[in-house]
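Me: I would like a close look at a single part of this model, set against the rest of the chain. Please take me through it in one connected account, with the cut-offs for each term.

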Amino acid sequence: MSLTKLIEGQMRNRRCGFSVGGFGALAEYQDDAGKINVASDGKLEAHSARGALRINFTGNESALAYETLSSRADSWQHGLTIFGKLDEFGGACRNVLTELGPDQAALAQHEMGASVFDLGVGLPNVDFCVRTSDSDLIKRLRRQIGNSIFEVEQHVIDDVIDASPSRVVI
């Protein structure tokens, strides 16, 4: 069975969740009876009321299955890590707030063209971003471009939390 087919099956499993990230930043997705799309080019997409997930397979990925202890004494947690070379699959590793421009690849049509900002968490494998059309939030974020969200006195992360824009994890 191909990795794409394996993941497609798990995307259809309502008890399966997905996560991506690293130390200090994690995004999670668990479907709540949404819609699964499978494209012939190796892209898998899941859409639900709570969010969306897109996985683009290139054929250069590897997978490692594992299991860990559970908080329940009578069960185990099972997982599958998908990985590849950082030069092919890695993030931009930005350490400062950066405007990336309008989103031309949003999964939700109503979010196409909204502004995307990389929060600059500095992880090598993933970029944590926000997407917004809120002009007030865009102005506040633009004032902090080039600054670390962890060091600015203007509390830009509080603005992001208060506005609760869409999170985009690449």
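Reply: What follows looks at strand 10 and its surroundings, and then turns to the pocket, the salt bridges and a surface patch.

This is a predicted model, in which local features need pLDDT of at least 70 and side-chain atom pairs count only at pLDDT 80 or more, while totals for chains, interfaces and linings use all residues. Residues are numbered from 1 along each chain as its sequence is written, and side-chain values use heavy atoms, with hydrogens and water left out.

The chain has 4 helices and 11 strands, these being DSSP runs numbered from the N terminus (helices are H or I with at least four residues, strands E with at least two). Its C-alpha trace spans about 50 × 35 × 35 Å along the principal axes. Of the 170 residues, 32% are buried, where buried means under 20% relative accessible area, exposed over 50%, and partly exposed in between, with a 1.4 Å probe and protein chains only.

Strand 10 covers residues 128-132, and because 5 of its 5 residues are buried, the strand is largely enclosed by the rest of the structure. In a regular strand the side chains alternate between the two faces of the sheet. Here Phe128, Val130 and Thr132 point one way, Cys129 and Arg131 point the other way, and all are buried.

Strand 10 pairs with strand 9 (residues 115-118) in the antiparallel sense over 4 bridges, two strands being paired if DSSP finds at least two bridges between them. Within this pairing, Cys129 is the bridge partner of Asp118. Strand 10 is also joined by 4 bridges to strand 11 (residues 166-169), again running antiparallel, and there Phe128 has Val169 as its bridge partner.

Phe128 also belongs to the lining of the second largest pocket, which has 19 lining residues, with Ala25, Leu119, Val121, Phe128 and Ile157 nearest its centre. Strand 2 (25-30), strand 10, helix 4 (156-163) and strand 11 are the elements that each give two or more residues to this lining. The space in the pocket is about 330 Å³. A pocket is found on a 1 Å grid over the protein atoms alone, as an open set of points where a 1.4 Å probe fits, with protein on both sides within 12 Å along at least five of seven lines, and lining residues have an atom within 4 Å of a point.

Turning to charged contacts, the count comes to 11 salt bridges, each being a side-chain nitrogen of Lys or Arg within 4 Å of a carboxyl oxygen of Asp or Glu. In one of them Glu8 meets Lys5 at 3.5 Å, N to O, and the two residues are separated by about one helical turn because they are 3 residues apart in helix 1. Glu8 is buried at 12% relative accessibility, whereas Lys5 is exposed at 51%. Lys5, Glu8 and Arg12 are linked in a network of salt bridges. Asp136 and Arg140 meet at 3.0 Å, N to O; they are 4 residues apart in helix 3 (residues 135-143), so about one helical turn separates them.

Helix 1 (residues 3-11) also holds Leu6, which is partly exposed at 32% relative accessible area. Leu6 joins Met1, Leu80 and Ile82 in a nonpolar surface patch of about 390 Å². Such patches take residues with over 30% relative accessible area and no salt bridge, joining nonpolar side chains (Val, Leu, Ile, Met, Phe, Trp, Tyr) within 5 Å and like charges within 9 Å.

Key
Areas by Shrake-Rupley, 256 points an atom, 1.4 Å probe, with all protein chains shown as cover. Points joined across faces, edges and corners; volume = space filled by probe spheres on them.
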